[in-house]
Amino acid sequence: MGNDGGSIPDRRDLVKNKPKAEQADKANQIRALWFFCALSKRPLQEPVVSCALGKLYNKDALIEYLLDKSAYGDGEEICGHIRSLKDVKTLKLTPRSPPPSPGSDVAKFVCPLNLKEMNGAYPFVYIHTCGCVFSQSGLRAVIGSTPTSKTPSNDASSVVDKEQLDVCPQCAAKFSRSTDVLSVNPSIEEEERLRAMMEVRRSRETVKPKSKKRKANAEGPVEDNSAVAKKKKESADTHSPSPAPAINPAVATSSKSLASSLLAEEAKRKASMSDAVKSLYRSKYDQPRKETFTTMGTFTRYA
């Protein structure tokens with residue numbers, strides 16, 4: 001460059017600075033969390049469910065994933081911790097009145113206590129026992145922000161602290177403030193805490209033993225069959241054998257004479273046979289021959 005009539009390059013033209021990393025639009029990220037299903041990326045539609053980590057899903061999309069794990073490419077990364085529908089809770093959402101027009105950025109649901117919009121601007125929580133959804137500030141205003149008191153109960157061996165349960169302001173279901181109130185779309189730190197709580201809760205789950213009733217039913221027919229066979233054997237041993245039927249002497253005599261006459265005719269027929277004809281008939285006591293009917297009486301190296 002230069003020497004072309006007065007164009008003089010400066011440092012900005014010769015030195016290229018490192019491009020800045022692209023940053024995702026935070027507003028779009030918040031909108032994707034609160035307005036769309038975390039699995040199918042479709043707009044949230046009732047029934048809406050939430051997992052132990054506070055993510056929001058359309059129930060039909062989650063059922064489709066549980067039936068076919070390959071239905072969504074990133075399904076294992078998003079909801080691999082969900083084993084069945086027992087791991088999620090159907091949420092009782094309060095729709096906005098009047099409902100927003102389709103395609104608008106207005107929240108579809110609000111808090112039933114203070115009518116704050118569920119759009120990510122305010123933190124929301126849901127109660128795991130009943131599924132009711134409230135804004136965090138609205139729930140604190142109703143049940144109070146002070147921790148629940150504990151009343152010690154003296155036992156013969158130890159002292160057990162029983163936590164007093166709160167009552168849901170919408171459906172009057174009882175819940176524990178420390179374990180049953182879960183955040184919706186929590187922060188990364190809160191999500192790690194919820195994941196640790198989920199793992200602890202799953203480790204305490206006892207494996208149900210196999211039903212003994214089913215095993216007894218499975219062995220029942222075998223025992224019945226063996227019992228029936230034993231009874232049949234005992235009945236056969238106890239009952240005396242039935243006497244053989246009486247044979248008419250005239251029938252026995254005629255059958256003997258018929259058998260002897262057939263033997264005589266067979267011997268007479270064999271005596272009148274030539275050697276060539278006799279060679280075609282073999283007795284079961286004769287030694288086996290190598291030749292077959294097609295090679296019999298001819299020269300063959302295998303005979």
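# Salt bridges, core and strand pairing

Glu 117 has a relative accessible area of 25% and is therefore partly exposed; buried stands for under 20%, exposed for over 50%, and partly exposed for values in between, with a 1.4 Å probe and protein chains only. The model is predicted, so local features are reported at pLDDT of at least 70 and side-chain atom pairs at pLDDT 80 or more, while totals for chains, interfaces and linings use all residues. Residues are numbered from 1 along each chain as its sequence is written, and side-chain values rest on heavy atoms, without hydrogens or water.

The chain has nine helices and twelve strands; these are DSSP runs numbered from the N terminus, helices being H or I with at least four residues and strands E with at least two. Of its 303 residues, 21% are buried. Among contacts (heavy atoms within 4.5 Å) with a separation of 6 or more, 46% involve residues 24 or more positions apart.

## Salt bridges

The chain contains eight salt bridges, each a side-chain nitrogen of Lys or Arg within 4 Å of a carboxyl oxygen of Asp or Glu. The table lists three of the pairs.

| Pair | N to O distance | Sequence separation |
|---|---|---|
| Asp 74 and Lys 41 | 3.7 Å | 33 residues |
| Asp 87 and Arg 202 | 3.4 Å | 115 residues |
| Arg 96 and Glu 117 | 2.4 Å | 21 residues |

Glu 117, in the loop between strand 5 (109–110) and strand 6, is paired with Arg 96 of the loop between strand 4 (94–95) and strand 5. Arg 96 is partly exposed because its relative accessible area is 25%.

Asp 74 belongs to the loop between helix 3 and helix 4, and its partner Lys 41 to the loop between helix 2 and strand 1. Asp 74 is partly exposed at 31% relative accessible area, and Lys 41 is partly exposed at 46%.

The third pair joins Asp 87, in the loop between helix 4 and strand 3, to Arg 202 in helix 6 (residues 188–203), so parts 115 residues apart in sequence are tied together. Asp 87 counts as buried because its relative accessibility is 17%, whereas Arg 202 is partly exposed at 23%. Both residues also belong to a salt-bridge network with Arg 83.

His 81 lies in the loop between helix 4 and strand 3. At 11% relative accessibility, His 81 counts as buried. Leaving aside residues up to four places away in sequence, His 81 touches both Asp 87 and Arg 202, as well as Cys 51, Leu 53, Tyr 57 and Met 198.

## Nonpolar core

The largest nonpolar core holds 40 residues; a core is a set of buried Ala, Val, Leu, Ile, Met, Phe, Trp, Tyr and Cys residues joined through side-chain atoms within 4.5 Å. Leu 39, Tyr 57, Leu 62 and Met 118 touch the most other members of this core. The elements that contribute two or more residues to the core include helix 2, helix 3, helix 4 (75–79), strand 1 (48–50) and strand 2 (56–58), along with strands 6, 7 and 12. Strand 6 contributes the most, with four residues.

With residues up to four places away in sequence left out, Met 118 touches Trp 34, Leu 56, Leu 93, Ala 107, Phe 109, Val 110, Phe 124, Val 133 and Val 184. Nonpolar side chains tend to be buried together in soluble globular proteins.

## Strand pairing

Strand 6 is covered on both faces: Phe 124 and Tyr 126 are buried on one side, and Val 125 and Ile 127 on the other. In a regular strand, side chains alternate between the two faces of the sheet. Strands count as paired when DSSP finds at least two bridges between them. Strand 6 is antiparallel to strand 7, with three bridges, and Tyr 126 has Val 133 as its bridge partner there. Five residues separate the two strands in this hairpin, where Gly 131 adopts a positive phi near 90°. Strand 6 also pairs with strand 12, again antiparallel over three bridges, and Ile 127 faces Val 181 of strand 12.

Elsewhere, three strands form an open antiparallel sheet in the order 2-1-3. Its edges are strand 2 and strand 3 (89–90), each of which pairs on one side only. Strand 1 and strand 2 are antiparallel and joined by three bridges, with Val 49 opposite Tyr 57 of strand 2. Tyr 57 thus appears in this pairing, in the core and among the contacts of His 81.
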